[in-house]
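Visitor: I'm new to reading protein models, and I'd like a close look at a single part. Could you walk me through it slowly?

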Amino acid sequence: MASEPLQALLEQAFPDATELSVLDRTGGGDHFQVTVASPRFEGLSLVDQHRLVYDALAAPLADGSIHELRIKTKGTT
Amino acid sequence: MSLRDQISGIIETEPVTLFMKGTPSFVACGNSQRALTALRSAGAPVTAVDILPDPRFRQELSSISGWPTIPQVFVKGELVGGADIVEELAANGELERKLTDALGDGYRDERAERVVALEAA
């Protein structure tokens, strides 16, 4: 799949993100690097931060269209 | 013992568990390698569990942990994260602190890696 649908799902889940990007790491449409900076991450453990990203991308993760996902999350302060 | 009980038992009793694709001597995935390398850099006593032999291993693990991807690292029963998180924690020194908090100062003395196999019910 292309990066754009993933980007749209993340924008929906993190409307207040100050940084949001989806990079197709291999050009093959199934290995992605996602970066999100959002105030929602403040005070959360990395595990809980990544869980929010997994939740946002639950559908493409479940149907196998994402083969590998690398996640980088940050707070905004 | 049910698969669920086997997995839960390993998570609860092993100091550091790495659920991975392959084994430390034959790693079958780049992200599993990243997690293993990060754990080794912190001197963690890794107990590795290969989830590849049966697709139910991974399904059951993710159902227990609520974490959709492999690898998964647990320290004393607590999910620490996947490859990205463990790498980040190793790089900023928090992984060593977490291991010391959970296992005590001497955790490096027992750093022998071992492999535990799951049995399909």
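Visitor: Let's take strand 5 of chain B: which of its residues does B:T17 stand opposite?

Guide: It's B:F74 that stands opposite B:T17 in strand 5 of chain B. Before going further, keep in mind that this is a predicted model.

Now, zoom out a little from that pair. Strand 1 of chain B covers residues 16-20, and strand 5 of chain B covers residues 72-75. These two strands pair in the antiparallel sense, with four bridges between them. You can pick out another match too: the bridge partner of B:L18 in strand 5 of chain B is B:V73.

Strand 1 of chain B has a second partner to look at, strand 4 of chain B, and here the pairing is parallel, over five bridges. For a pair to find on that side, try B:V16, which stands opposite B:V46 in strand 4 of chain B.

Put those strands into their sheet and you get an open one with five strands, in the order 6-5-1-4-7 (chain B), with mixed pairing. Look at the two ends of that order: strand 6 (78-81) and strand 7 (114-115) of chain B are the edge strands, and each has a single partner strand, so one side of each has no neighbour in the sheet.

Back to strand 1 of chain B, and how covered it is. Five of its five residues are buried, so to speak of it as mostly covered is fair, taking 20 or more other C-beta atoms within 10 Å as the cut-off for buried. From this strand, B:V16, B:L18 and B:M20 point one way, while B:T17 and B:F19 point the other way, and all are buried. Our starting residue, B:T17, belongs to the second of those groups.

What lies over this part of the sheet? Helix 2 (residues 30-41) of chain B lies across strand 1, strand 4 (46-50) and strand 5 of chain B. Its direction is at about 160 degrees to strand 1 of chain B.

Next, a stop among the other helices of chain B. Helix 1 (residues 3-13) and helix 3 of chain B pack with their axes 10 Å apart and at an angle of about 60 degrees. That angle makes helix 1 of chain B oblique to helix 3 of chain B. If you want the handedness, the crossing of helix 1 and helix 3 of chain B is right-handed. From helix 1 of chain B, the contact is made by B:L3, B:R4, B:I7 and B:S8, and from helix 3 of chain B by B:R56, B:E60, B:L61 and B:I64. Sorted by class, the residues of this contact between helix 1 and helix 3 of chain B are four nonpolar, one polar and three charged.

Pause on B:R56 there, in helix 3 (residues 55-65) of chain B. With 15 other C-beta atoms within 10 Å, B:R56 is partly exposed. Leaving aside neighbours within four places in sequence, B:R56 is in contact with B:L3 and B:A120.

For another helix pair, turn to helix 4 (residues 83-91) and helix 5 (residues 94-103) of chain B, which pack at an angle of about 90 degrees with their axes 5 Å apart. Helix 4 and helix 5 of chain B are therefore roughly perpendicular to each other. Here the contact is made by B:V86, B:L89 and B:A90 of helix 4 of chain B and B:E94, B:L95 and B:K98 of helix 5 of chain B. That contact between helix 4 and helix 5 of chain B has four nonpolar, no polar and two charged residues.

Finally, take a peek at the sheet in chain A. It's an open sheet of three strands in the order 1-2-3 (chain A), again with mixed pairing. Strand 2 (residues 31-37) of chain A runs parallel to strand 3 of chain A, and seven bridges join them. One of the matches you can find there is A:V34 opposite A:I71 in strand 3 of chain A. Strand 3 of chain A has a covered face, with A:L69, A:I71 and A:T73, and an uncovered face, with A:E68, A:R70, A:K72 and A:K74.

And where the chains touch, ten residues come from chain A and eight residues from chain B. On the chain A side, the largest share, five residues, comes from strand 3 of chain A.

Technical notes:
Residues numbered from 1 in each chain as written. Chains lettered and ligands numbered in written order. Predicted model: local features only at pLDDT ≥ 70, side-chain atom pairs only at ≥ 80, totals over all residues. Pairing = 2+ DSSP bridges. Contact = placed C-beta atoms within 7 Å. Axes fitted to C-alpha atoms, helices over the stretch in contact; angles between N-to-C directions. Buried ≥ 20, exposed ≤ 12 C-beta atoms within 10 Å, placed from the backbone. Parallel < 35°, antiparallel > 145°, perpendicular 65-115°, else oblique. Nonpolar A, V, L, I, M, F, W, Y, C, P; charged D, E, K, R; others polar. Left-handed = near helix turned anticlockwise from the far one by under 90°.
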